[in-house]
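The report below goes through a set of chains and their contacts, one topic at a time. Please keep the sequence and the coordinates at hand while reading.

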Amino acid sequence: MGAGRLYAAVAVGGFRRYATYRAATAAGVFTNTVFGLIIVYTYLALWDERPHLGGYDQTQAVTYAWLGQALYSTLAIQGGGTEKDLMARIRTGDIAVDLYRPADLQLWWLASDLGRTLFQLLGRGVIPFAFGALVFDMALPHSAATWAAFAVALLLAAVVSFGIRYLAALSVFWLLDGTGVNQAVMVLGIFCSGITLPLNVVPGALGDLVQVLPWAAQLQMPADVLMGETSPWSAYGFQAAWAVVLLAAGRVVQSAATRRVVVQGG
Amino acid sequence: MTETGTGSGTVTDTVADAFIEVDRVEKVFDVRRRTGFLKRERRQVRAVDALSFTVARGEMVGYIGPNGAGKSTTIKMLTGILTPSGGRLRVAGIDPARERTRLAHRIGVVFGQRTTLWWDLPLIDSYRLAHRMYRIPDARYREILDRLVELLDLGALLDVPVRQLSLGQRMRGDIAAALLHDPEVLYLDEPTIGLDVVSKARVREFLRGLRDERGTTVLLTTHDLQDIEQLCSRVMVIDHGRLMYDGPLAGLHEAGESERTLVLDLERELPPVDAPPPARVVRVEGPRQWLAFPASASAAPLVARLAAEYPLVDLSVREPDIEAVIARMYEERASA
Amino acid sequence: MGETGRLREGTRAYLLIAAMWIRSTMTYRTSFVLTAVGNLAVTGLDFVTLVLMFAQVDTLGGWTLPEVAFLYGLSVTSFGLADLLIGSADTLGARLRDGSFDTLLVRPAPVLAQVAADRFALRRLGRITQGALVLGWALCAVHVEWTAAKVLLVPVMLVSGAAIFGAVFTAGAAFQFLAQDAAEVQNAFTYGGTTLLQYPPTVFGKDLVRGVTFVLPLAFVNWVPGAYVLGRPYPLSLPGWAAFAPPLVAAGCVALAGLAWRAGLRAYRSTGS
C-alpha cells in the first residue's frame, strides 16, 4: 500500500470512530446551539454599546460567535481529540506497538485527527452554524473563492490544533499522567483561541500577545478569512509558520521519546 | 430426572421451606432496532418465558445456559434490579421489585466480571463501607470478617489497594464483600471466570464450606462445568427464556447425550486407533489423537484397553463443553 | 419506609460514599491539585471574559460591572454548590452503558443518593470559591440601599439557586435513562444555564427570557430576585412578590425532578436498558 493510501485509510478510520456515536453527536449539536445563542446575545449587547469594536460590525460579531461553536469540537479547542487516545497508549505502553509499525507516528496520528476533524465539522459543526445563519444576520461571503479560501484556512487551523495537542500528548512520556497537561490544554485553548471573546477585542498588551500565539491560528484566522477581514495569504503565512514550528517541535520531542522507549525496552 | 413445565405450567410442588419461589414469571422487552438511517423497527422479545422453579433453603443450584438465554435477566429479577412483566416472584418471602432495599439486606451478589470493590483503596476500606452501609453490628462484623479473612486467606491483602490485586485475589475479595452482612442467599455470576486453577479450587472449596457451615442458599451461573460438578447437586438449564432442564448434573449429560473427549499422545504417528464403539476417533494430528465417547460412560475400561494395545505416552480426558451440551439438547427439542 | 426515613437513609448513604470518593481521589494527590487548580482557572476565565468586555464598555445591557458581577457570583456559587453535591450524576450514562449501575441497585440505599455521591469530587470547591470571591467583591462594589429583606435574600438565593440547579442535574440524570449517550444535552441546561445567568436579563431576547422565567425557571436563581436587590426593573412584568419566590420555585423544581427520576428509574427497571 502506498504511503498516501495508508494515511488516507487511517484518516477514514478516525472519521468512522467518531461517526459511531450518533446520539452523542446529536446531543453535542444541541448543546453547541444553546451556547451559540447565549454568546450571540452577549455579543449583540456588547456591539450595541460599541459598534465596530475590534473592527467588526454586529453581523460579523454574530458570525464569529457561531463559527466558534461550529469549530469548538471540530478543532478540539479544549482538547479531547485523538490526543486522548495517544495519551492512553503512552500510559499503557501500547505505544511501543505503534513505534514498530512501518509508518510515521506523527503522520499516523495527524491523519487520524484530521479524520476526526472532518467528522466533527460535518456532524457537529454545520448544524449550529446553519441555525445561526437562519435566525440571525450573518456576514457570509457570496463568492465561492472566499469559501474555498476559508476551507484552506480551516485545514491549516486543524494542523496547528493537532500540533499543539500532539506535543501535549507526548509530554506523557515523561509525566506519566496526562491530567495536568489536559488541564493546561483546556485553559489555554479556551482563552487563547478566542472562543469566549474575539482576540481583536482583547485590550492592551494581552490582546497583542494572544494574537501572535498559535491558538490565534485556530478560530480568529479562519473567521477573518471568511469575513474578508484579512488577506488569505497573510493568514496562511501565519498559520503555516506555526504549523511548521509545532510539527517540527513534535518531531524533535517524538524522537527523544522514542529513544526513551527503546532504552527502557518498551 | 425432574423436568419443570415449559408450556403446560406444571410446577414442582411448593416445598415447605422454599426460599426462592418463581412462578410463571416472564419478562418482555421492547427492542428497537435501527433498520435504516432514520427508520426503526420495534419488536417484543420474551427474555424470560413462563419460568417456574423453587429453590429450598441451603440448596446450591447451578443456573446455566448460552449467552442471551435469559440467565442474567432472571438473576436481575431475583435481586430486584428488574421488575417482571408477569408472574409471581418471592425471595425469602419478599417481592424483590417492590422491596428492593429490604431485600438487599438479605442477599449477596457477586458479579464475576465487575468488581464492586473500591479500585484505588485498600481492600479493608470496601469492607468498612459495607459495615456501615448494611448497618452490621460491630461485634458481628468483626466475627464475620475474621472468619471470611481466614477462609478466603485475605489476611495479607486487607491493606493492599484493590487495583494491585490479582484477578483471583480480587474475586475472593468480592465474595467476602458480598457475604459480610451474612446474607441468606448468594447470587454468583461466573465466580471462577478467568481464574487460574489454584484460585478456582480455592473459591470452590470456600463455597462448599459456606453451604455446609452457614446453610447459605447459592444460585450460581457459570460456563465452567466443573463449578457445577463440584458444587451443585442440582442444575437448571435455560434457553430462549424457558427452563429446559432441572435436575442433577448426571441427568443433564443423558439429556444432552453429551460426549467427553479422550486425548491420546502416542509414541509416533499411527493410523486412527481401533476403539470399541460407541467411542470413535474424531481427529488425528501427528502422534496425537482425539476420541469421543459418551459422557455417561466410564473412561477407565476404554483407557485400559487402549493402553494395552497402543504405545501411549500421555493421555487426558476433557469434560464436555457446557455450551455444546446445551446446544445439542436444544437441537433435539427443536427437532422433536 | 416513609419519605423522611428515605431522606435520612439517602443522606447517610450519600455521606458514606462521598467519603470513600474523597479518599480515593486523595491517593492521586498531584492529579487532585492539578484538577482543582484547573477547575478554578477554567471557571475564572468566564469572569476574565466579563472583565475584558467591561474594559471596552461601561455597561452591558444597561448594567454596570459590579451589578453583572453580583449576578455572576450568585450564578456561579449556587451552580457550584449543586455541581459539588450532585454534579457527577451526569456520569450515570456511562454506568448504564458498562452495566455497573446494576451494582448500585443491589445495595440497601436509595439509588439517587448513590448516583449523586458517585465520583464525588472536592476539586469542585474551586468553582464555589471563585464564585464566592466574585460575589464578595460585587457585594462591596454595588450601590444598594440594603434592607433586612435584601440582606436576607442573598443567602436565600444561593440555597434556592443550588436547589434549582440540583433539580436540573437530577432531571438530566433521569433523561439519561432514556438516552444513555446523550449526556451532553444536559450540559446545555446546566453549564448553559449558569453561563446565561452570568449576564443581565436585558441582554437576551424576550422569548429566551420568558422561557427561562416561566418554562425552565432558572431566572429565579438570580435574575428575578437579583433585579429586586439591585433595584432594577426586570424585563418582564412580574408581581412584586416574585422576588421572594425562589424557595417556592426551588421546591417545585425539586419535586418535579424527583418525579422525573422515579419515572426514569421505573422505566429502567422494566426495560433493563
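## Annotated spans in chain A

Residues 64–81 of chain A are 50% helix and 0% strand, and the C-alpha atoms at the two ends of this span lie 22 Å apart. The model is a predicted one, and the choice of this span comes from UniProt, where an unreviewed entry lists residues 21–44, 64–81, 121–141, 147–176, 188–213 and 233–253 of chain A under "transmembrane region". Another of these listed spans, residues 121–141 of chain A, is 71% helix and 0% strand, with its end C-alpha atoms 19 Å apart.

## Overall form of chain A

Chain A contains 12 helices and 0 strands, so that, read along the sequence, the pattern is α-α-α-α-α-α-α-α-α-α-α-α. The C-alpha trace of chain A spans about 60 × 40 × 35 Å along its principal axes. A compact globule of 266 residues would have a radius of gyration near 18 Å, and the 19 Å found for chain A agrees with that expectation.

Of the 266 residues in chain A, 51% are buried. Among the contacts in chain A with a separation of 6 or more, 82% are accounted for by residues 24 or more positions apart.

## Nonpolar cores

The largest nonpolar core holds 244 residues, and within this core Ala153(A) and Ile164(C) touch the most other members. Helix α7 of chain A, which covers residues 144–170, contributes the largest share of this core, with 15 residues. A second core, separate from the largest one, has 6 residues, including Leu264(B), Leu291(B), Phe293(B) and Leu306(B).

Which residues does Ile164(C) contact once its neighbours within four places in sequence are left aside? The contacts of Ile164(C) are then with Leu218(C), Phe220(C), Val221(C), Val249(C), Ala250(C) and Cys253(C).

## Contacts between chains

There are 2 pairs of chains in contact, and of these chains A and C share the most contacts. Chain A and chain B, by comparison, do not touch, and their nearest C-alpha atoms are 11 Å apart.

The contact between chains B and C takes 24 residues from chain B and 19 residues from chain C. On the side of chain B that touches chain C, at least two residues each are supplied by β1 (18–34), α2 (100–104), β5 (107–111) and α3 (123–133) of chain B. Of the elements on this side, α3(B) gives the most, with 4 residues. By residue class, the side of chain B that touches chain C divides into 11 nonpolar, 6 polar and 7 charged residues.

## Two alanines of chain B with positive phi

Ala50(B), which is found in strand β2 (residues 40–56) of chain B, has a phi near 45°, a positive value in a residue other than glycine. Is Ala50(B) buried or partly exposed? Ala50(B) counts as partly exposed because it has 19 C-beta neighbours inside 10 Å, whereas a buried residue needs 20 or more.

Ala92(B) likewise has a positive phi, near 55°, in a residue other than glycine, but Ala92(B) is placed in the loop between β4 (86–91) and α2 of chain B. With 18 C-beta neighbours inside 10 Å, Ala92(B) also counts as partly exposed.

Terms used. Residues are numbered from 1 along each chain as its sequence is written. Chains are lettered from A and ligands numbered from 1 in the order in which they are written. This is a predicted model: local features need pLDDT of at least 70, side-chain atom pairs count only at pLDDT 80 or more; totals for chains, interfaces and linings use all residues. A nonpolar core is a set of buried Ala, Val, Leu, Ile, Met, Phe, Trp, Tyr and Cys residues joined through C-beta atoms within 7 Å. A residue is buried if 20 or more other C-beta atoms lie within 10 Å of its own, exposed if 12 or fewer, and partly exposed in between; C-beta atoms are placed from the backbone. Two residues are in contact if their C-beta atoms, placed from the backbone, lie within 7 Å. Ala, Val, Leu, Ile, Met, Phe, Trp, Tyr, Cys and Pro count as nonpolar, Asp, Glu, Lys and Arg as charged, and the others, Gly among them, as polar. The radius of gyration is taken over C-alpha atoms; the globule rule is 2.2 Å times the number of residues to the power 0.38. UniProt positions are given in the numbering used here, feature names are shortened, and annotations may be inferred rather than shown by experiment.
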